[in-house]
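Please walk through this fold with me, one packing layer at a time. Start with a pair of helices and work towards the sheet.

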Amino acid sequence: VLRIQGMSQWILWEVAGLFENVGTVQDGIGTIAREREVQDAPDAAPLTVTRGEIVFDKASFHYGKVKGVIDALDLTIRPGEKIGLIGRSGAGKSTLVNLLLRFYDLESGSIRIDGQDIARVRQDDLRAHIGVVTQDTSLLHRSIYENVAYGKPEASEAEVIEALRKAHALEFVQGLEDRDGRSGLQAQVGERGVKLSGGQRQRIAIARVLLKNAPILLLDEATSALDSEVEAAIQDSLFDLMEGKTVIAIAHRLSTIAAMDRLIVMDKGRIIEEGRHEELLTRGGLYAQLWSHQSGGFLQSAAEV
Ligand code: ADP
Ligand code: MG
């Protein structure tokens, strides 16, 4: 269990799949308990997302003794803009995503969505407007159906099936059977149910986010557990989903995000370069270095990947 800034109370968050990096436990009914880092203000307001603009305004944050994890970071993401976030391991990319979800409060500065400080809105409401897929997805100990419908409880079975199909998960789901003989969408996930591989869990999480269809999308290594063939196929569904949404995508494989509207390169909690793929290659900085490393020493254009 995570213990960073002193002990605080436990809460139950009925949102799965977001907390894998911070220590989670699941109880018998499939809720996820996590130590609460932040509290709703007594007068917390609902969040209204009309345009989907995201502003980090001199945002600073650190964990315990690790200083400068996010260091006075300024970043304005336009409504509908698609950002690729790049940087070496430890640069602060996932932290930035977690701050936008308000898993932690800033030390100073603010984060605003359509002008509303996220520290002043209801957390449930904030998260209801954000679709998230991370590297390592934990699922609820419930049926496949419930796991997908999580982001949209009123969804019909047809919608759940369509989301699974787009996430290239329908085929394997149809082949599942748990110990009690429940199969397909009704198969139970977890210790006493079906065991899924990392790639299968990730596809369930992608189906969930496709169904949820939230105006803001955060993809933190969202396809990292998939083999490249499946990844390429799912990428199309994700690109369709991104249409009209504000997106922050992090990917170790730079070719998966090279075509985003703007690439932001982070180092030690700061932005050190930004621009489009071609501009950053010409610049010859960290992005060009990382790109050339991944391309086996050859600088290719985005069109070639
Ligand atoms: P990235 O996603 O770019 O690899 P992270 O945001 O995960 O980077 O990490 C940024 C820095 O914060 C690193 O030094 C990392 O070790 C530290 N860090 C990340 N998560 C935690 C945590 N839960 N507790 C303490 N330190 C953390
Ligand atoms: Mg990360």
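Helix 6 and helix 7 are roughly parallel to each other, a label for angles under 35 degrees, with over 145 counting as roughly antiparallel, 65 to 115 as roughly perpendicular and the rest as oblique. Helix 6 covers residues 198-212, and helix 7 covers residues 228-242. Helices here are DSSP runs of H or I with at least four residues, strands are runs of E with at least two, and both are numbered from the N terminus. Two packed helices are described by the angle between their axes and the distance between the axes. The axes of helix 6 and helix 7 come within 11 Å and cross at roughly 15 degrees. Axes are lines fitted to C-alpha atoms, for helices over the stretch in contact, and angles run from 0 to 180 degrees between N-to-C directions. The crossing of helix 6 past helix 7 is left-handed; that is, the near helix is turned anticlockwise from the far one by less than a right angle, whereas clockwise would be right-handed.

This is a predicted model, in which local features need pLDDT of at least 70, side-chain atom pairs count only at pLDDT 80 or more, and totals for chains, interfaces and linings use all residues. Residues are numbered from 1 along each chain as its sequence is written, chains are lettered from A and ligands numbered from 1 in the order in which they are written, and side-chain values use heavy atoms, with hydrogens and water left out.

Which residues of helix 6 and helix 7 meet? Helix 6 brings R203, I206, V209 and L210, and helix 7 brings V230, I234, S237, L238 and L241. Contact means heavy atoms within 4.5 Å. By class, this contact has 7 nonpolar, 1 polar and 1 charged residues. Ala, Val, Leu, Ile, Met, Phe, Trp, Tyr, Cys and Pro count as nonpolar, Asp, Glu, Lys and Arg as charged, and the others, Gly among them, as polar. D240 also lies in helix 7. D240 is exposed, with a relative accessible area of 60%. Exposed means over 50%, buried under 20%, and partly exposed in between, using a 1.4 Å probe and protein chains only.

Helix 6 has another partner. Its axis and that of helix 4 (residues 157-166) come within 8 Å and cross at roughly 125 degrees. That makes helix 4 oblique to helix 6. The crossing is right-handed. From helix 4, E159, V160, A163, L164 and K166 meet I204, A207, L210 and L211 of helix 6. This contact has 7 nonpolar, no polar and 2 charged residues.

Now turn to the sheet. It is open, with 6 strands in the order 9-10-11-6-12-13 and mixed pairing. Strand 9 (130-133) and strand 13 (270-275) stand at the edges, each with a single partner strand, so one side of each is left without a neighbour in the sheet. From one strand to the next, the twist averages 20 degrees. Helix 6 packs on this sheet, touching strand 9 and strand 10, and its direction makes about 165 degrees with that of strand 9.

Follow the pairing inward. Two strands pair if DSSP finds at least two bridges between them. Strand 9 and strand 10 (residues 216-220) pair in the parallel sense over 4 bridges, and G131 has L217 as its bridge partner in strand 10. Strand 10 and strand 11 are also parallel, over 5 bridges. There, L219 has A249 as its bridge partner. Strand 6 and strand 11 pair in the parallel sense over 4 bridges, and G84 stands opposite A249.

Is strand 11 (residues 246-250) buried or exposed? In strand 11, 5 of the 5 residues are buried, so this strand is largely enclosed by the rest of the structure. In a regular strand the side chains alternate between the two faces of the sheet. T246, I248 and I250 point one way from strand 11, while V247 and A249 point the other way.

Helix 9 (residues 286-294) lies across strand 6, strand 12 and strand 13, at about 100 degrees to strand 12. In helix 9, L286, Y287, A288, L290 and W291 are buried. The buried residues of helix 9 pack against strand 6, strand 12, strand 13 and helix 8 (277-283).
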